[in-house]
Amino acid sequence: MKYTSTRDTQTRVSSKQAISQGISVEGGLFVPTELPYISQLEMITLRDLNYLQRAEYILGGFLSDYSENELRDCIQGAYGSGRFDDDDNAAPLKEVGHKDYFLELWHGSTCAFKDMALQLLPYLLTYAAKSCSQGRETVILVATSGDTGKAALEGFKDVAGTKIMVFYPQDGVSPAQKLQMITQEGENVAVCAIKGNFDDAQTAVKKIFTSPEVNKALLKNNMRFSSANSINWGRLAPQIVYYFSAYADLLKQHALKSTDDKVNIVVPTGNFGNILAAYYAKYMGLPVNKLICASNSNKILTDFINTGIYDKNREFLTTISPSMDILISSNLERLLYHLCNGESERVKGWMSSLEQKGVYEVEDDVKAILNKLFYAGFCSEEQTESEIYRLFKDFGYLADTHTAVASYVCGEYRRKTGDKLPCIIASTASPFKFSSSVLEALGNETEGLTEFEKIDALAQLTRVPAPEPLKGLENKAVRFEDVCTDETMIQTVFNMLGIKE
Ligand SMILES: *Cc1c(COP(=O)(O)O)cnc(C)c1O
């Protein structure tokens with residue numbers, strides 16, 4: 001299996017190269033040149049496997065230059081005993097109401113779905129570095145809207161041959177998310193706030209990442225960059241697994257009668273990584289009817305899917321679902337590449353228009369496929385709160401602010417279309433990461449309470465136990481309090497790496 005670039009189809013790299021490099025030299029994203037196909041018969045095989053075995057089965061097709069033993073070792077390390085709440089199923093499925101299945105992706109150590117990929121990536125990268133990095137130290141740069149940062153820090157902490165630096169928007173993450181990051185342990189980690197929003201952080205990180213001067217300075221010090229953001233193929237591939245796993249679980253629970261039965265997949269979307277993994281799953285043979293893209297009030301993707309115009313010239317809103325506060329959805333580039341059958345010149349045109357004018361419009365051929373595959377909707381702040389309230393009151397299900405966005409859009413889709421197919425709804429974070437917003441949505445006062453009192457209050461009110469990793473933060477020392485701007489970010493990176501210009 002080879003990978004090419006969305007901006008240069010001459011490119012051919014192995015999966016190890018794609019993962020260790022992170023991004024293609026000309027700024028394009030790595031995409032597979034073909035997709036492994038999972039037949040209906042194989043779906044039956046998957047039904048009777050546990051999560052680790054399912055992961056081996058699906059990932060084996062994509063990561064073909066990893067030996068069977070290497071891949072098994074990576075998967076054991078990521079999803080094996082003690083890594084997720086359930087040793088056999090890292091991603092359990094819960095039916096809420098009728099035919100709405102919440103795929104809970106937050107049972108790992110940082111309580112968000114990013115753990116599903118970021119527990120695995122360091123293992124994949126370590127094997128990749130052995131064949132691709134020529135003995136250089138790998139420096140991971142991360143821009144985070146809240147959850148990626150912590151999950152990447154946990155995944156990479158004290159991993160030999162790596163250093164990791166995380167930048168988060170100063171006022172753009174929840175208090176629990178911030179606490180998780182600034183108390184991070186490990187010898188090879190650093191965390192810094194950046195003045196600005198997530199897009200500013202992501203743009204600044206991407207600039208450093210592709211800067212020839214910075215890369216030269218790193219090489220001189222026997223280091224090289226890689227990325228743990230979802231532009232890295234090693235982030236996306238593990239996410240494909242849980243959609244197959246969810247379908248396999250539905251077969252196992254007899255919620256589906258046969259492998260002819262279709263489902264919809266609903267994803268609360270920001271950088272378009274999670275839903276793109278569902279798109280790949282569909283093209284690998286998973287019987288998916290609609291891919292439902294749910295946005296918060298930063299509804300740039302809703303507008304794009306409904307009009308074909310991607311326009312980031314709009315106000316950036318800070319919402320109660322901060323991990324989706326994004327106006328530049330990086331992984332959309334991969335989707336566009338596939339939708340126009342790999343015409344990289346067109347992709348380049350759209351991306352340079354986005355960079356220069358902040359807007360592009362796709363032509364009718366692309367618009368037509370987009371509308372056939374996707375339904376897009378958004379959910380306001382009030383609607384997010386009332387959805388949290390409704391799910392808890394009617395079903396005793398406690399959802400976080402992001403999952404509630406998906407659940408709301410799913411309901412809207414059902415009302416508008418009358419579609420009665422089962423829906424798999426990606427449940428992307430523990431509600432306790434957003435205790436304040438969730439408590440308020442349930443009608444409770446939060447004023448004057450510390451973050452930990454809010455976590456306790458939410459647990460008492462709902463009788464849902466709070467995750468240990470979040471409760472444990474209370475006793476951790478704050479290690480990182482630096483703030484930088486996009487201009488001083490390079491210096492911050494050099495300081496951390498001990499590089500003198
Ligand atoms: C990252 C994140 C999202 C958005 O996922 P993308 O892959 O960026 O679209 C949604 N919800 C939560 C809780 C997240 O952490």
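Right after helix α22, you'll find G498, whose phi is positive, near 70°. Keep in mind as you look around that this is a predicted model. The helix just before that glycine, α22, covers residues 489–497, and its buried residues include M489, T492, V493, F494 and L497.

One of those residues, F494, takes us to another part of the chain. Leaving aside neighbours within four places in sequence, A217 is in contact with F494 and I499. You'll find A217 in helix α10, which runs over residues 212–220. Its relative accessible area is 18%, and buried means under 20%, so A217 counts as buried. Now try picking out A217 and E501 together: they sit 284 residues apart in sequence, yet their C-alpha atoms are 7.5 Å apart in space.

Let's move on to helix α11, residues 233–252. With 20 residues, α11 reaches 30 Å from its first C-alpha to its last, close to the 28 Å expected at 1.5 Å a residue. How many of the 20 residues of α11 are buried? The count is 19, so this helix is mostly covered. Both ends have something to look at. At the start of α11, a side-chain oxygen of N232 comes to within 2.8 Å of the backbone nitrogen of G234. Just after the helix, H254 takes a positive phi of about 60°.

Helix α12, residues 273–283, is largely enclosed by the rest of the structure, because ten of its eleven residues are buried. Those buried residues are G273, N274, I275, L276, A277, A278, Y279, Y280, A281 and K282. Just past α12 there is G285, with a positive phi of about 115°.

Here's a bit of background on those phi values. Most residues other than glycine have a negative phi. With that in mind, take a look at K99, which isn't a glycine but has a positive phi of about 65°. This lysine lies in the loop between β4 (93–95) and β5. Is K99 buried or partly exposed? Its relative accessible area is 30%, so K99 is partly exposed.

C111 also has a positive phi, near 65°, in a residue other than glycine. Its place is in the loop between β5 and α5 (114–118). Unlike a partly exposed residue, C111 is buried, with a relative accessible area of 2%.

Strand β5 itself covers residues 100–104, and D100 is part of it. D100 is buried, with a relative accessible area of 16%. What does D100 touch, not counting residues up to four places away in sequence? The list is K94, E95, C410, R414, C423 and I425.

For the last stop, find helix α17 (residues 381–395) and helix α18 (residues 401–417). Two packed helices are described by the angle between their axes and the distance between the axes. For α17 and α18, the angle is about 90° and the axes are 8 Å apart. That makes α17 roughly perpendicular to α18. On the α17 side, the contact is made by Q383, T384, E387, I388, R390 and L391, while α18 brings T401, A404, V405, S407 and Y408. Sorted by class, this contact has five nonpolar, four polar and two charged residues.

Key:
Residues are numbered from 1 along each chain as its sequence is written. This is a predicted model: local features need pLDDT of at least 70, side-chain atom pairs count only at pLDDT 80 or more; totals for chains, interfaces and linings use all residues. Side-chain values use heavy atoms; hydrogens and water are left out. Axes are lines fitted to C-alpha atoms, for helices over the stretch in contact, and angles run from 0 to 180 degrees between N-to-C directions. Helices (H or I, at least four residues) and strands (E, at least two) are DSSP runs, numbered from the N terminus. Angles under 35 degrees count as roughly parallel, over 145 as roughly antiparallel, 65 to 115 as roughly perpendicular and the rest as oblique. Contact means heavy atoms within 4.5 Å. Ala, Val, Leu, Ile, Met, Phe, Trp, Tyr, Cys and Pro count as nonpolar, Asp, Glu, Lys and Arg as charged, and the others, Gly among them, as polar. The expected span of a helix is 1.5 Å times one less than its number of residues. Buried means under 20% relative accessible area, exposed over 50%, partly exposed in between (1.4 Å probe, protein chains only). A polar contact is a pair of N or O atoms within 3.5 Å; within protein, one must be able to donate a hydrogen and the other to accept it, and residues adjacent in sequence count only if both atoms are side-chain atoms.
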